Amino acid sequence: MTKIAWITGSSSGIGRSLAERLLRDGYRVAVSARSADALASIAASHPGKVGVYPLDVTDPAAVKQVFASIESEMGAVDLAVFAAGSYTRDYAEDFDSARTRKMFELNVLGTASCLEAVMAAMIARRRGHIAVVASVSGYVGLPGAATYGATKAALNVMCEALYPELERHGVRMTIINPGFVDTPLTKKNDFPMPFLVSSEEAADTIAKGLAKGKFEIIFPWKMALAIRFLHALPHSLRFALTRKMLRPKGP
């Protein structure tokens with residue numbers, strides 16, 4: 001029986017590459033993002049295998065409606081991957097709580113709305129797999145990523161807390177923590193991005209990790225090692241390293 005996957009944030013980057021990978025693996029895929037045209041182009045390349053469901057995940061009512069439509073039109077979702085999110089570099093000099101609120105609304109609350117819709121259905125039928133895309137930025141505070149890192153830390157804690165509860169109901173949970181991936185978002189960065197991987201490489205790693213039922217998929221391994229080492233250091237040594245990451249605020 002063909003499995004059904006739902007991927008948010010699938011118009012570009014990791015979400016789109018993962019949709020393409022799962023389609024090659026035999027899934028039928030429901031794709032969601034705000035860009036209907038980008039979603040339509042995925043469907044055009046895979047006739048009969050893709051359901052297009054435009055969505056702004058910050059609208060809780062729309063999330064519930066889209067999920068209900070997917071399950072009605074395509075069938076029960078076996079795998080849900082929540083990859084919708086954004087990044088804006090911030091600085092202490094112009095820290096803006098409104099910008100922080102906006103990023104939390106998308107990265108955290110948008111994901112929470114998706115979780116609310118999907119978990120209830122999967123718990124009821126005692127099967128399913130949920131994956132949330134966070135970031136290695138959630139491991140440690142990095143200059144320029146105060147808000148972004150905080151949203152990803154929140155997702156890590158949320159998924160870790162939900163894991164044993166969902167497991168009790170026969171539902172799997174996975175947190176995905178990528179390092180730097182070559183996407184439209186990272187192309188805006190004006191600083192070195194060590195161990196950069198393509199979105200296709202990221203999708204392959206994620207697909208393999210999901211198939212194994214891993215709780216955490218963190219990659220590439222060199223970045224995983226580096227961020228865990230940084231996290232383990234005492235604050236004095238950690239700050240000595242993160243001070244070297246400071247960059248002047250542009251005009």
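In this predicted model, the lining of the largest cavity divides into two nonpolar, three polar and three charged residues. The residues in question are Thr-88, Asp-90, Phe-95, Asp-96, Arg-99, Thr-100, Met-103 and Thr-147. Helix α4, residues 97-125, gives the most to this lining. Its share is three residues. The space inside the cavity is about 30 Å³. A search of the whole structure finds one cavity of 30 Å³ or more. Rolling a probe the size of a water molecule over the atoms shows where empty space is left.

The second largest pocket was examined next. About 280 Å³ of space lies in this pocket. Its lining has 13 residues. Lys-3, Tyr-27, His-129, Arg-172 and Leu-210 are the ones that lie nearest the centre of the pocket. By class, the lining has six nonpolar, two polar and five charged residues. Helix α6 gives the most to the lining of the second largest pocket, with three residues.

Helix α6 also packs against another helix. Two packed helices are described by the angle between their axes and the distance between the axes. Helix α1 spans residues 13-24, and helix α6 spans residues 199-211. Their axes come within 8 Å and cross at roughly 55°. Angles under 35 degrees count as roughly parallel, and those from 65 to 115 as roughly perpendicular. The crossing falls in neither range, so α1 is oblique to α6. The crossing of α1 past α6 is right-handed. On the α1 side, the contact is made by Gly-13, Ile-14, Ser-17, Leu-18, Arg-21 and Arg-24. On the α6 side, Ser-199, Glu-200, Ala-202, Ala-203, Asp-204, Ile-206, Ala-207 and Lys-208 take part. The residues of this contact divide into six nonpolar, three polar and five charged.

A single loop residue was also followed. Asp-78 lies in the loop between α3, residues 60-73, and β4, residues 79-82. Residues up to four places away in sequence are not counted among its contacts. With those set aside, Asp-78 touches Thr-2, Lys-3 and Ile-4, along with Met-122, Arg-127, Gly-128 and His-129. Two of these names recur: Lys-3 and His-129 are touched by Asp-78, and both are among the residues nearest the centre of the second largest pocket. Asp-78 can also be placed relative to Val-29. The two are 49 residues apart in sequence. In space, 10 Å separates Asp-78 from Val-29, C-alpha to C-alpha.

Definitions and conventions
Residues are numbered from 1 along each chain as its sequence is written. This is a predicted model: local features need pLDDT of at least 70, side-chain atom pairs count only at pLDDT 80 or more; totals for chains, interfaces and linings use all residues. Side-chain values use heavy atoms; hydrogens and water are left out. On a 1 Å grid over the protein atoms alone, a cavity is a set of points where a 1.4 Å probe fits but cannot get out, and a pocket is an open set with protein on both sides within 12 Å along at least five of seven lines; lining residues have an atom within 4 Å of a point. Grid points are joined across faces, edges and corners, and a volume is the space filled by probe spheres set on the points. Helices (H or I, at least four residues) and strands (E, at least two) are DSSP runs, numbered from the N terminus. Ala, Val, Leu, Ile, Met, Phe, Trp, Tyr, Cys and Pro count as nonpolar, Asp, Glu, Lys and Arg as charged, and the others, Gly among them, as polar. Axes are lines fitted to C-alpha atoms, for helices over the stretch in contact, and angles run from 0 to 180 degrees between N-to-C directions. Angles under 35 degrees count as roughly parallel, over 145 as roughly antiparallel, 65 to 115 as roughly perpendicular and the rest as oblique. A crossing is left-handed if the near helix is turned anticlockwise from the far one by less than a right angle, and right-handed if clockwise. Contact means heavy atoms within 4.5 Å.
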